[in-house]
Amino acid sequence: MTFPRLPRLFLTLIVAFLAGCSKQPSSPAGAAAAPAKIKLGYLVKQPEEPWFQYEWKGADAAAAKYGFELIKIAVPDGEKTLAAIDSLAANGAQGFVICTPDVRLGPAIVAKARAAGLKVVTVDDRFLGADGNFLTEVPYLGLSATKIGRMSGVTLAAEMQRRGWAAADTAACIVTFEELATCRERTDGIIAALQESGFPADRIFKTPQRTTDIPGGLDAANALLAQKSGFKHWLVAGMNDSATLGAVRATEGQGYTATNVIGVGIGGMDCLDEFRKPAPTGFHCSILASAPQEGYRTTEMLYFWVKDGTPPPPDTRTEGQPVTRENFERVLKAEGVL
Ligand code: FCA
């Protein structure tokens, strides 16, 4: 005898349900089941940048120390970000650290994470709410952006003085990405420190980058250099190493060399190949802010939040220190990066 289609499906469901109900715990009576390993995600907007690879490395070190499982996911756009949260939830993760591809996704990310019972910690780029203000209820860890920007500006001015350049022959090219607060604060800090050093304000030129990578810095600086010819020396800086590297490449394209360009980056992780070049380039220095430490500290905070319910502090900032061709090996070894 055959069952008509619908009742048979119904029967299958009942059987499956009863089978589920009758399942017994597999551990022997009295013995507590081993607690499941905590699973945490780490989502980054630009996995191709050494900066973010070093964050993952730091997070891996925290996972090894505390024994949680780390799920690393690249989230170059909004769609991939929301899909990554679904995938984390399906995999039984309990929270994630994120450097979002777009800070305006903040409310959508928070809503999705809440619905799935996942805790969220932001790193580097802070979420914005619909009103354009920071989503301060989401814990954040990032650079002391203004302070680190000011260190970049002070370094530019000091090196210019050391080389004895006349202000009249010198201009500053500052590559900006002002739509992101952490980047705007850094370049504002650079400009403020340069002006305080006595560098003429009308010789500091900002040029916006469309993309936050080396080609973005290159295009931005090329556009500026095409308009401002006739300077003997250039000071070059931006919100990260890639911005400055792109701008230094642009000066080289215009015939400038290491002797008439002073480039200062921020991050200190994306300029290692540059420092390792046999001959110095215009990229003189970077303000190092440890990416592995960021990865370690954010995942450590998230782990204790999940495990013990201790929420992370709302806003944690990391400090910076200058690194050059001369000292980067030593400093990065001391930081545990190399
Ligand atoms: C932002 C930048 C990254 C890095 C980070 C600390 O996210 O886009 O390159 O500088 O801040």
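How many nonpolar, polar and charged residues does the shell around the ligand have? By class, this shell has four nonpolar, one polar and five charged residues, where Asp, Glu, Lys and Arg count as charged, Ala, Val, Leu, Ile, Met, Phe, Trp, Tyr, Cys and Pro as nonpolar, and the others, Gly among them, as polar. The model is predicted, with local features needing pLDDT of at least 70 and side-chain atom pairs counting only at pLDDT 80 or more, while totals for chains, interfaces and linings use all residues. Residues are numbered from 1 along each chain as its sequence is written, and side-chain values use heavy atoms, with hydrogens and water left out.

**Ligand surroundings**
- Among the residues that surround the ligand (a heavy atom within 4 Å) are Trp51, Phe52, Cys99, Arg186 and Asn240.
- Polar side-chain atoms of two residues lie by ligand oxygen atoms (N or O pairs within 3.5 Å), at 2.8 Å for Lys45 and at 2.7 Å for Asp125.

**Aromatic pairs**
- The count comes to nine aromatic pairs, taken as rings of Phe, Tyr and Trp (its six-membered ring) with centres within 6.5 Å.
- Tyr66 and Tyr303 are stacked (planes under 30 degrees apart), because their ring centres are 5.1 Å apart and their planes at 25°.

Terms used: Polar contact = N/O pair within 3.5 Å; in protein donor to acceptor, adjacent residues only side chain to side chain. Phe/Tyr/Trp six-rings, centres within 6.5 Å; stacked < 30°, edge-to-face > 60°.
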